[in-house]
Amino acid sequence: MTKIAFVGLGNMGGPMAGNLVRAGHVVRGFDLSDTVMTSAAEVGVRPAGSLAEAVSDAECVITMLPKGQHVVAVWTDLTTLVAEGTLLIDCSTVDVESARQAHKLASVMNCTSLDAPVSGGTSGAAAGTLTFMVGGPEVAFAVGRPILEAMGKTIVHCGGPGAGQAAKICNNMILGISMIGVCEAFGLAEKLGLSHQALYDVASRSSGQCWSLTAYCPVPGPVPTSPANNDYRPGFTGALMLKDLLLSQEAARQTGAATPLGQQAAGLYAEFEKAGHGDEDFSAIIQMLRERERERAGG
Ligand code: NAD
């Protein structure tokens, strides 16, 4: 049993904190939103009135916040609040620079730290089946691993500080590009008179096979659990996909990596969001592509 402070109890953090409680940890939670604090209390998280109260006797602090700026701000506040030796884990998806900055803040506090972003979405958070991509020293990973295991199924130590975020950004760049590729293939198949099921049956067992096709198929039918069968309700929203693609492009700019398809994918998801679809599942981008076809045909 570990005394854990969980900061950021939103769509992901709430169910993750609930799984820590189920695993027998004592979890004190803090969020700026009263609504999510109430939901977290229903799954056994002890609500704290402030960040200071949440972390007062914590052996481990976990943050699950929207962006890098939020993580750096909260970890800066933690410098005067946590005891030396506390393990700090950030599970948010943020830029590599902010992750490294957070690790530096932890070392100023004489604390150990991990960046541990996740893949698996809200359903994985609820089921405790997330994949954690972890960056930070071996010694911190050894302490953090059993805690992460209460929330996830696959825990991969990717390297030193920032390596977890680097893995997350690269993985999601593949995901964004591959989803658009799969959507384009279904659009072309429709024009060629090929059924969705026929394309699926071939590509899912051929070299076109990928997660965007076999787990998240963007047309209804072949994969009954994919959001396409549920009116493209998320799942993983277009807005979050855009966020991750922009992080990949910022990292590519900083490092000089050539990512022309990542750049195109970011542009398409920016259009998708601008057209008001940011709250839909990211696989709904197939509808924007069809819309383009219609415009071209009409113009
Ligand atoms: P969310 O907006 O539902 O939750 C974030 C929570 O942080 C909110 O409840 C907000 O009130 C709280 N918060 C913000 N600033 C705070 C502060 N200073 N102190 C305390 N609480 C604060 O977002 P989410 O969907 O839970 O995502 C969290 C992170 O996980 C993001 O970085 C996101 O990119 C990543 N992520 C999300 C998904 C997903 O499917 N939702 C999947 C993988 C990764």
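This is a short talk on a predicted model of a two-domain chain, going from the domains to the strands and then to the salt bridges.

Let me start with the overall layout. The chain is divided into domain 1, which covers residues 3-159, and domain 2, which covers residues 166-298. If you take the centres of domain 1 and domain 2 over their C-alpha atoms, they are separated by 30 Å. At the boundary, 12 residues of domain 1 are in contact with 8 residues of domain 2, and between them the two domains bury about 840 Å², with 66% of that area on carbon and sulfur atoms. On the domain 1 side, the residues that lose the most area to domain 2 are Thr-93, Val-96 and Met-133, and together these three account for 45% of what that side buries. As for charged pairs across this boundary, the count of salt bridges between domain 1 and domain 2 is 0.

Let me turn now to a set of parallel strands, with strand β5 as the reference point. Strand β5 comprises residues 87-90, and both of its faces are covered, with Leu-87 and Ile-89 buried on one side and Leu-88 and Asp-90 buried on the other. Strand β4, residues 60-63, runs parallel to β5 and is joined to it by 4 bridges, and within this pairing Thr-63 stands opposite Asp-90. To get from β4 to β5 the chain passes through helix α4, residues 68-78, in a β-α-β crossover that is right-handed.

Strand β5 also pairs with strand β6, residues 112-115, and here too the sense is parallel, over 4 bridges. For Leu-88, which we have just met as a buried residue of β5, the bridge partner in β6 is Ser-113. The connection from β5 to β6 goes through helix α5, residues 96-108, and this β-α-β crossover is likewise right-handed.

While we are on helix α4, I would point to Gln-69, which is found in that helix and which counts as exposed, at 55% relative accessibility. To place Gln-69 with respect to a residue remote in sequence, its C-alpha atom is separated by 28 Å from that of Ile-285, and the two are 216 residues apart along the chain.

Next, a residue in helix α8, which spans residues 163-191: Asn-172 is found there. Is Asn-172 buried or exposed? With a relative accessibility of 3%, Asn-172 counts as buried, because the cut-off for that term is under 20%. What does it touch, once its neighbours within four places in sequence are left aside? The answer is Phe-236, Met-241, Asp-244 and Leu-245, with each of which Asn-172 is in contact.

The last topic is the salt bridges, of which the structure holds 8. I will take several of them in turn, beginning with Glu-149 and Arg-145, whose side chains meet with an N to O distance of 3.1 Å. These two residues are 4 residues apart in helix α7, residues 138-149, so they are separated by about one helical turn. Glu-149 is partly exposed, with a relative accessible area of 42%, and Arg-145 is also partly exposed, with a relative accessible area of 33%.

A second pair is Lys-191 and Glu-293, whose side chains form a salt bridge at 3.7 Å, N to O. This one links distant parts of the chain, since Lys-191 lies in helix α8 and Glu-293 in helix α13, residues 285-298, at a distance of 102 residues in sequence. Lys-191 counts as exposed, at 61% relative accessibility, whereas Glu-293 is partly exposed, with a relative accessible area of 21%.

Helix α13 also holds both members of another salt bridge, Arg-294 and Glu-291, which are 3 residues apart, about one turn of the helix. The closest N and O atoms of Arg-294 and Glu-291 are 2.9 Å apart, and Glu-291 is partly exposed, with a relative accessible area of 36%.

Finally, there is a case that goes beyond a simple pair, in which Lys-3, Arg-28 and Asp-57 are linked in a network of salt bridges.

How values were computed:
Residues numbered from 1 in each chain as written. Predicted model: local features only at pLDDT ≥ 70, side-chain atom pairs only at ≥ 80, totals over all residues. Heavy atoms only, no water. Buried < 20%, exposed > 50% of the residue type's maximum accessible area, 1.4 Å probe, protein only. Pairing = 2+ DSSP bridges. Right-handed = clockwise from strand over helix to strand, strands pointing away. Contact = heavy atoms within 4.5 Å. Domains from an automatic or database assignment. Buried area = accessible area lost by both parts, 1.4 Å probe. Salt bridge = Lys/Arg side-chain N within 4 Å of Asp/Glu carboxyl O.
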